[in-house]
Amino acid sequence: MIELHQFEASHYCEKVRLLLDYKQLPYKTVEVMPGVGQVELYRLSGQRQVPVIKDGATVIADSTAIATYLDETYPERPVLPADGAMRGLCLMLEDWADESMGPNARKAMIGAFNQHPSFRTALLPASTPDVLKGLVSAVPGDLLNLLGTGVGFGPDDIKAATLSLKQALSSICIVLSEHPYLVGIQPTLADFAVAGISMYLKFPDQRYIDLPEGLCGKGVPGLADEPDYERFWTWRDQLYADYRKVRSDPPKNSGSGPVKIGID
């Protein structure tokens, strides 16, 4: 069985989970502990970043390389188009999602934590006392913004990221007004990349990911609830409903403390 070495809350790992579910490949996840676990990951793969898959004696790092390997090894339900031009377009869109939407989504989510206390406290487990939730909500957003300045998560960084994401979502909505998927008439790596990356902008309504139940359906205000992007979220949620498996086990994070959103 394929092993997926991952961070549960990583949107790049979510992209690979979407691919595995779409291709109907059985797999088990191996949660990598930040720090110590990454040393073990380095021994396995020669680098420290997730996602990594281990399929028998084969070890593959990087989500794009994983997608290529899966198509070559398990060709049923391909995620890379056979046509050269369409394949190139698919890979370009995937790279754009990884390198532009991904980093900007992290910034927008952090901005939402800073400015919207209700979204911030959604990361806390259900068992968190109301007093502690109140303390978390009471931390001034301006203080959190100050702490983020200089490390790429200050107010100006978040504003620029949000603007870029609005343009991206608007562009995708235009494409989806003419086509059911981003490339061709079947879902491809481009679709699963964009859908997985969008997790930080709005968590799926159902529990596909092992996160506190309070996060389901929560998203970045102004992006997750903007009517202009309704076409995108309807498409994303339908993609999940069609191909992603809903978890049946109880949340492991329900009493273990706040979820750490991996900035990998």
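In the predicted model, Arg-77 touches Tyr-22, Lys-23, Gln-24, Asp-71 and Tyr-243, when residues up to four places away in sequence are not counted. Arg-77 is found in the loop between α3 (63-73) and α4 (84-115). One of its contact partners, Lys-23, is separated from Arg-77 by 54 residues in sequence, yet the two C-alpha atoms are 5.5 Å apart in space. The backbone of Arg-77 has a positive phi of about 55°, although the residue is not a glycine. Its relative accessibility is 30%, and Arg-77 therefore counts as partly exposed.

A positive phi in a residue other than glycine also occurs at Asp-62, where the value is near 85°. Asp-62 lies in the loop between β4 (58-61) and α3. With a relative accessibility of 44%, Asp-62 counts as partly exposed.

The protein as a whole has 10 helices and 4 strands. Along the sequence, these elements follow the pattern β-α-β-α-β-β-α-α-α-α-α-α-α-α. Of the 264 residues in the protein, 47% are buried. Among contacts in the protein with a separation of 6 or more, 70% are accounted for by residues 24 or more positions apart.

The strand arrangement may be described starting from β1 (residues 2-6), which is mostly covered, with 4 of its 5 residues buried. Strand β1 runs parallel to β2 (residues 27-31), to which it is joined by 5 bridges. Within this pairing, Gln-6 has Glu-31 of β2 as its bridge partner. Helix α1 (residues 11-22) belongs with these two strands to a right-handed β-α-β unit.

Strand β1 is also paired with β3 (residues 52-55), in this case in an antiparallel manner and through 3 bridges. The bridge partner of His-5 in β3 is Val-52, and that of Glu-3 is Lys-54. Lys-54 additionally stands opposite Val-59 in β4. The pairing of β3 with β4 is antiparallel and comprises 4 bridges. These two strands form a hairpin with 2 residues between them. In the turn of this hairpin, Gly-56 has a positive phi of about 65°. As a general feature, the side chains of a regular strand alternate between the two faces of the sheet.

Helix α2 (residues 36-45) contains the buried residues Gly-37, Gln-38 and Leu-41. Viewed down the axis of α2, its buried residues fall within an arc of 95°, and they therefore line one face of the helix. An α-helix has 3.6 residues a turn, so residues three or four places apart point the same way. The buried residues of α2 pack against β1 and β3. The exposed residues Val-36 and Arg-43 are carried on the face of α2 that is turned away from its buried side.

The segment that follows α2 has its own backbone features. Just after the helix, Gly-46 takes a positive phi of about 80°. Further along, the peptide bond from Val-50 to Pro-51 is cis, with omega near 5°. Pro-51 is placed in the loop between α2 and β3.

With regard to internal space, the structure holds 1 cavity of 30 Å³ or more. The volume of the largest cavity is about 60 Å³. The largest cavity is lined by 10 residues, of which Phe-203, Gln-206, Ile-209, Leu-211 and Cys-216 are the closest to its centre.

Taken together, the pairings place β1 in partnership with β2 in parallel and with β3 in an antiparallel sense, while β3 is in turn joined antiparallel to β4. The buried face of α2 packs against two of these strands, β1 and β3.

Key:
Residues numbered from 1 in each chain as written. Heavy atoms only, no water. Buried < 20%, exposed > 50% of the residue type's maximum accessible area, 1.4 Å probe, protein only. Pairing = 2+ DSSP bridges. Right-handed = clockwise from strand over helix to strand, strands pointing away. Arc of directions from axis to C-beta. Contact = heavy atoms within 4.5 Å. 1 Å grid on protein atoms, 1.4 Å probe; cavity = no way out; pocket = protein on both sides within 12 Å on 5 of 7 lines; lining within 4 Å. Points joined across faces, edges and corners; volume = space filled by probe spheres on them.
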